[in-house]
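Q: I have a protein–DNA model to read and would like to go through it feature by feature. Where should I begin?

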Amino acid sequence: MRIGELARRTGVSERALRYYEEQGLLRPERRPSGYRVYGDADVAAVRRIRVLLAAGLSTAQILEVLPCIVDDDGLLTPACPELVDELVKQRDRIGEAISELETTRANLNTIIAGQRS
DNA sequence: CTTCTTACA
DNA sequence: TGTAAGTA
């Protein structure tokens with residue numbers, strides 16, 4: 001299938017699909033016309049990418065993580081020990097970001113209430 | 001009509 | 001990311 005169909009079947013824009021390829025996440029074949037040709041497996045591949053992106057991973061991290069991941073009918077499972085370590089670090093970073101945002105929110109609330117320190 | 005690349009907001 | 005432009 002060409003990019004248009006893959007986009008329709010995954011709900012992902014053609015723009016994003018080309019971007020994933022640019023980032024090395026997808027490797028579609030090319031017809032002599034230059035048109036990209038994707039396989040049925042790419043539909044699942046794109047969904048996998050979306051799940052990882054939704055988990056807060058960057059395209060660069062996804063590129064490293066993809067080969068170490070098992071896809072059990074949609075359920076993504078870490079296949080390498082080092083991958084789990086990476087994901088745990090990622091989760092900790094997110095926790096840090098949340099803490100900082102909570103502090104920022106508290107500061108904002110103080111200003112909004114017009115309280116004196 | 002669909003896709004491609006490049007460039008700009 | 002979206003979109004416009006000029007092609008193949």
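**Reading the DNA contacts, the core and a helix**

A: Of the atoms of DNA strand B that come within 4 Å of the protein, 85% belong to sugar or phosphate, and the rest belong to bases. Keep in mind that this is a predicted model.

Q: Which residues are around DNA strand B?
A: They are Arg2, Ile3, Gly4, Glu14, Arg18, Arg30, Gly34, Tyr35 and Arg36.

Q: Which atoms of DNA strand B do Gly4, Arg18 and Tyr35 approach?
A: Take them one by one. A backbone N or O atom of Gly4 lies 2.7 Å from a phosphate oxygen of the strand. For Arg18, a side-chain N or O atom is 2.8 Å from a phosphate oxygen. Tyr35 reaches a base: an N or O atom in its side chain is 2.6 Å from a base oxygen of DNA strand B. Helix 1 and helix 2 are the elements that give two or more residues to the surface near this strand.

Q: What is around DNA strand C?
A: Ser13, Arg15 and Tyr35 are the residues there. Sugar and phosphate account for 6% of the atoms of DNA strand C within 4 Å of the protein. A polar side-chain atom of Ser13 lies 3.1 Å from a phosphate oxygen of DNA strand C. Arg15 has a side-chain N or O atom 2.6 Å from a base oxygen of that strand.

Q: Arg36 is listed around DNA strand B. Is Arg36 buried or exposed within the protein?
A: Buried is a matter of a cut-off, namely under 20% relative accessible area, with the protein chains alone taken into account. Arg36 has 19%, so it is buried. Its place is in strand 2, residues 36-37. The side chains of Arg36 and Glu21 are joined by a polar contact of 2.6 Å. Leaving aside residues up to four places away in sequence, Arg36 touches Met1, Arg2, Ile3, Arg18, Glu21, Pro28, Glu29 and Arg30.

Q: How do I read a nonpolar core?
A: In soluble globular proteins, nonpolar side chains tend to be buried together. Here the largest nonpolar core has 25 residues, and those with the most contacts inside it are Leu6, Leu17, Tyr20, Leu26, Tyr38 and Leu52. Helix 1 (3-10), helix 2 (14-22), helix 3 (41-54) and helix 4 (59-65) each supply at least two residues of this core. Helix 3 gives the most, with five residues.

Q: What does Tyr20 touch?
A: Beyond residues up to four places away in sequence, Tyr20 touches Val12, Leu25, Leu26, Ile49, Arg50 and Leu53.

Q: Which residues of helix 3 are buried?
A: An α-helix has 3.6 residues a turn, so residues three or four places apart point the same way. In helix 3 the buried residues are Asp42, Val43, Ala45, Val46, Ile49 and Leu52. What covers them includes helix 1, helix 2, helix 4, strand 3 (69-72) and strand 4 (75-78).

Q: What span should helix 3 have?
A: At 1.5 Å a residue, its 14 residues should span 20 Å; the end C-alpha atoms are 20 Å apart, so the two agree. Gly56 follows helix 3 and has a positive phi, near 90 degrees.

Q: What does the UniProt annotation cover?
A: An unreviewed UniProt entry carries the annotation "domain: HTH merR-type" for residues 1-68. Over residues 1-68 the chain is 56% helix and 6% strand, with the end C-alpha atoms 27 Å apart.

Key: Residues are numbered from 1 along each chain as its sequence is written. Chains are lettered from A and ligands numbered from 1 in the order in which they are written. This is a predicted model: local features need pLDDT of at least 70, side-chain atom pairs count only at pLDDT 80 or more; totals for chains, interfaces and linings use all residues. Side-chain values use heavy atoms; hydrogens and water are left out. A nonpolar core is a set of buried Ala, Val, Leu, Ile, Met, Phe, Trp, Tyr and Cys residues joined through side-chain atoms within 4.5 Å. Buried means under 20% relative accessible area, exposed over 50%, partly exposed in between (1.4 Å probe, protein chains only). Helices (H or I, at least four residues) and strands (E, at least two) are DSSP runs, numbered from the N terminus. Contact means heavy atoms within 4.5 Å. A residue is near a molecule or strand if one of its heavy atoms lies within 4 Å of it. A polar contact is a pair of N or O atoms within 3.5 Å; within protein, one must be able to donate a hydrogen and the other to accept it, and residues adjacent in sequence count only if both atoms are side-chain atoms. The expected span of a helix is 1.5 Å times one less than its number of residues. UniProt positions are given in the numbering used here, feature names are shortened, and annotations may be inferred rather than shown by experiment.
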